[in-house]
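Me: I am new to this structure and should like to learn how to read it. Please show it to me, and then let us take its features in turn.

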Amino acid sequence: MKILNTYANQIPYLYFIAVTAYWFTVFNQSNGISAYPILLFGIPFLWQIIRPNKKLNSTLGITFVCLSSYLILGYLSNLFNVPSLMLAKGVILYGGLFLALNFLMSLWIIRNSLRRTL
């Protein structure tokens, strides 16, 4: 349990690195070499694991909370305009899970930055 508590602060960063790696593999299959700039999105999260920085942590947290909030609004507006929920059930389930996890991990990053400053 002590090991889990030690590495619990790295979970949001590892989540965003995993999402970046997933996006890269999906786009790399269809777009080829033009998918490599997607890997640049994982660098700040990797940097936070290697050498934590308070300003970068706060910036990442606030940025991704704003982006996740915007995506949640877009998701809800799309959800209410879906004509047949049976056809889009998988998309709605996985999209909602992705958005919820993004929002929670962003809030977790902000919580980590607030804890480090206090």
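Me: How many helices and strands does the secondary structure of the protein contain?

Reply: Helices and strands are DSSP runs, numbered from the N terminus: a helix is H or I over at least four residues, and a strand is E over at least two. Here the secondary structure comes to five helices and zero strands, in the order α-α-α-α-α from the N terminus on. This is a predicted model, in which local features need pLDDT of at least 70 and side-chain atom pairs count only at pLDDT 80 or more, while totals for chains, interfaces and linings use all residues. Residues are numbered from 1 along each chain as its sequence is written, and side-chain values use heavy atoms, with hydrogens and water left out.

Me: What share of the residues in the protein is buried?

Reply: Buried means under 20% relative accessible area, exposed means over 50%, and partly exposed lies in between (1.4 Å probe, protein chains only). Of the 118 residues in the protein, 23% are buried.

Me: Which residues of helix 2 and of helix 4 are buried?

Reply: In helix 2, the buried residues are P12, Y13, Y15, F16, V19, T20 and F24. In helix 4, they are N57, L60, G61, V65 and S68.

Me: What span is expected of helix 4 at 1.5 Å a residue?

Reply: The expected span of a helix is 1.5 Å times one less than its number of residues. Helix 4 (residues 54–80) has 27 residues and should therefore span 39 Å; its end C-alpha atoms are 39 Å apart, in agreement. Helix 2, with 21 residues, reaches 30 Å from its first C-alpha to its last, close to the 30 Å expected.

Me: Which residues stand at the ends of these helices, as with the one that follows helix 2 and the one that caps helix 4?

Reply: Helix 2 is followed by G32, whose phi is positive, near 75°. At the N-terminal end of helix 4, N53 acts as the cap: one of its side-chain oxygens lies 3.2 Å from the backbone nitrogen of K55. A polar contact is a pair of N or O atoms within 3.5 Å; within protein, one must be able to donate a hydrogen and the other to accept it, and residues adjacent in sequence count only if both atoms are side-chain atoms.

Me: At what angle do helix 2 and helix 3 pack?

Reply: Two packed helices are described by the angle between their axes and the distance between the axes. Axes are lines fitted to C-alpha atoms, for helices over the stretch in contact, and angles run from 0 to 180 degrees between N-to-C directions. Helix 2 (residues 11–31) and helix 3 pack at about 150°, with their axes 9 Å apart. Angles under 35 degrees count as roughly parallel, over 145 as roughly antiparallel, 65 to 115 as roughly perpendicular and the rest as oblique; helix 2 and helix 3 are therefore roughly antiparallel to each other. The residues that meet are Y13, L14, F16 and I17 in helix 2 and F45, L46, Q48 and I49 in helix 3.

Me: How do helix 3 and helix 4 cross?

Reply: Their axes come within 10 Å and cross at roughly 140°, so helix 3 and helix 4 are oblique to each other. On the side of helix 3 the contact is made by P44, F45, W47 and Q48, and on the side of helix 4 by L56, N57, L60 and F64.

Me: Where is L46, and is it buried or partly exposed?

Reply: L46 is in helix 3 (residues 43–50). L46 counts as partly exposed because its relative accessibility is 44%. Its C-alpha atom is separated by 9.2 Å from that of F16, 30 residues apart along the chain.

Me: Which residues does S68 contact?

Reply: Contact means heavy atoms within 4.5 Å. Neighbours within four places in sequence aside, S68 is in contact with N102, F103 and S106. S68 lies in helix 4 and is buried, with a relative accessible area of 2%. Its side chain reaches the backbone oxygen of F64 at 2.8 Å.

Me: Which residues do I109 and N112 touch?

Reply: I109, found in helix 5, is buried with a relative accessible area of 0%. Not counting residues up to four places away in sequence, I109 touches P12, Y13, F16, F45, N57, L60 and G61. N112, in helix 5 (residues 89–117), is buried at 2% and, on that basis of counting, touches N9, P12, Y13 and N57.
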